Amino acid sequence: MPRTRRDVLASLAGVGVAGLAGCTALDAGESESDDPALDAAGLRQVRQLGSPAFPARVPAPIADSFLEQGRARARELLDSCPETMSPEEVPNEAVRDIYAEAYADAAEDLAPADADESPFEALRGLRYARGAAAMAKGTYDAAVGDLTESDVRDEAEAVRADIESFRLGTRYLGDEPDRALVVYEAVENLVAAAVRYLDNADEYGRYTDSAPQVGELLDAVESARASLGGARHVRDRYLATIADPLDFTDAFESTASSLVEVVADRLAEYPEEGELEAVVEAEGFDPGELESTPAKDLLMETFIDFGSNVHTVPEALRSGRFATALVGAHTAETHRRAFEDAVTAVKRGRYESVESAAAVRDAKLGALEALEAARSDGSNPHLTRRALVDVAHMVGRGDDYFRDDYYSDDDPRAARNALAQYATTEFAARETPDVSAWVLGTLAAERGGVHR
């Protein structure tokens with residue numbers, strides 16, 4: 001069975017590392033570090049440098065009218081039920097409390113959006129606002145006897161049929177591969193989210209045999225409907241910009257199959273199926289000597305991000321989400337190259353310790369500069385920028401170590417973990433444009449060398 005990122009992190013507990021999804025953290029029982037005391041004010045200034053602005057977006061024109069229709073739908077759902085349930089209507093206090101919370105959540109989701117939010121982020125956010133409003137409406141209508149679970153399940157089946165019809169009717173038509181790949185990965189993600197909403201409603205529901213259960217089901221149905229509507233809008237608006245679209249379907253499928261196999265083969269080249277400690281030893285390092293160093297966290301972050309993506313992309317391929325598989329192969333290869341860069345840097349004596357707050361600051365500045373340099377690369381701008389959205393999140397993860405109450409301001413563990421995140425960001429960002437060229441170059445070769 002493929003090992004998840006959490007599995008790998010957990011396997012390292014014996015050498016002093018505990019795993020949390022998306023970051024590394026050191027055991028609270030760890031002995032005092034030999035690292036020098038760091039200037040707390042200097043570390044706070046590192047955090048104040050801020051995080052890069054990489055809002056998610058898609059290279060297709062999203063209509064303001066579509067976003068407003070989605071907001072209007074959420075308002076319509078919420079306005080159709082009262083702000084509070086009266087005890088006379090619904091004697092069950094627990095149901096009234098759940099409804100009050102659902103109504104408040106929906107009202108909050110309908111508040112004005114962040115001014116920095118991209119149109120694509122706003123489109124994705126519509127499913128949360130509409131779902132929250134449906135949770136309130138479904139709970140209220142079921143509590144007063146106007147809606148049954150059977151009614152909602154009938155709606156769910158209709159939405160499932162719509163999802164399948166859309167999926168079967170979508171081919172990878174577009175103008176040029178760079179743009180098309182990013183558009184269809186977004187479409188696939190929205191469709192996959194629609195399916196997950198419906199699947200999770202049954203598997204992970206919090207309530208049983210109650211009005212809130214009906215509300216949860218209606219939440220899932222409305223969220224799925226919103227996600228599917230977003231996928232259709234992105235696809236259709238993209239195609240409307242192209243007079244004579246090309247069909248990339250066969251090329252996307254064959255290239256995805258090829259690259260998923262390539263990244264799997266590259267993982268297999270490492271010892272013991274990518275067991276991190278064995279990999280580190282094979283690179284000539286003594287894991288004991290790396291303990292409590294930024295180098296260890298850096299090697300771990302880059303390699304685990306490589307391995308975890310290698311394990312997840314085959315499912316996208318099997319389910320026919322070829323654009324998602326291609327982007328996943330891009331992510332895996334980016335982190336493999338970042339790991340190799342990290343190995344070289346550590347062998348040259350870098351990241352052995354955190355000497356000062358200035359060293360952490362320099363690492364963060366290196367990450368920010370690498371992100372900006374990659375964003376400025378114009379060779380394959382759409383895929384590169386799409387990949388950088390995920391890479392840039394690691395800067396925030398580094399900053400989070402200075403916000404966590406687990407650490408004091410001058411705790412060297414916080415600085416060590418943050419520095420490793422910043423360094424991982426720098427290496428991954430620097431590799432991103434070349435990996436974009438690798439993915440799209442392979443796609444061009446599959447199409448007989450045609451870049452358009």
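This tour proceeds through a series of selections, from a charged surface patch to salt bridges within helices. The structure is a predicted model, and residues are numbered from 1 along each chain as its sequence is written.

**First stop: a negative patch**

Please select E93, D97, E101, D105, E108 and D109, which form a negative surface patch. Then select residues 93-109, which make up helix α4, and find E108 within that helix. Is E108 buried or exposed? E108 has a relative accessible area of 59%, so it counts as exposed, the cut-off for that class being over 50%.

**Second stop: helix α5**

Next, select residues 119-143, which constitute helix α5, and display K137 and D141. These two residues are joined by a salt bridge, in which the closest N and O atoms are 2.9 Å apart. Because K137 and D141 are four residues apart in helix α5, about one helical turn separates them. D141 has a relative accessibility of 11% and therefore counts as buried.

**Third stop: helix α6**

Proceed to residues 149-168, helix α6, and select E157 and R160. The pair forms a salt bridge with its closest N and O atoms 3.9 Å apart. Here the two partners are three residues apart in the helix, about one turn. R160 is partly exposed, with a relative accessibility of 29%.

**Fourth stop: helix α13**

Now select residues 322-347, helix α13, and locate H335 within it. H335 is buried, as its relative accessible area is 6%. Which residues is H335 in contact with, leaving aside its neighbours within four places in sequence? To see them, display T302, D305, F306, M394 and A428 around H335.

Remain in helix α13 and add R337 and E333, which lie four residues apart, about one turn of the helix. A salt bridge connects R337 with E333, and its closest N and O atoms are 2.7 Å apart. Both partners are classed as buried: R337 has a relative accessible area of 19%, and E333 has one of 0%.

**Last stop: a network of charges**

Finally, select R73, E76, R130, E155, E222 and R225, which are joined into one network by salt bridges that share partners. How many salt bridges does the structure hold? The structure holds 28 salt bridges, among them the pairs K137 with D141, E157 with R160 and R337 with E333.

Conventions:
This is a predicted model: local features need pLDDT of at least 70, side-chain atom pairs count only at pLDDT 80 or more; totals for chains, interfaces and linings use all residues. Side-chain values use heavy atoms; hydrogens and water are left out. Patches are made of residues with over 30% relative accessible area and no salt bridge: like charges are joined within 9 Å, nonpolar side chains (Val, Leu, Ile, Met, Phe, Trp, Tyr) within 5 Å. Accessible areas come from the Shrake-Rupley method with a 1.4 Å probe; for residues, only the protein chains shown count as cover. A salt bridge is a side-chain nitrogen of Lys or Arg within 4 Å of a carboxyl oxygen of Asp or Glu. Lys and Arg count as positive and Asp and Glu as negative; His and the chain ends are not counted. The place of a charge is taken as NZ of Lys, CZ of Arg, CG of Asp or CD of Glu. Helices (H or I, at least four residues) and strands (E, at least two) are DSSP runs, numbered from the N terminus. Buried means under 20% relative accessible area, exposed over 50%, partly exposed in between (1.4 Å probe, protein chains only). Contact means heavy atoms within 4.5 Å.
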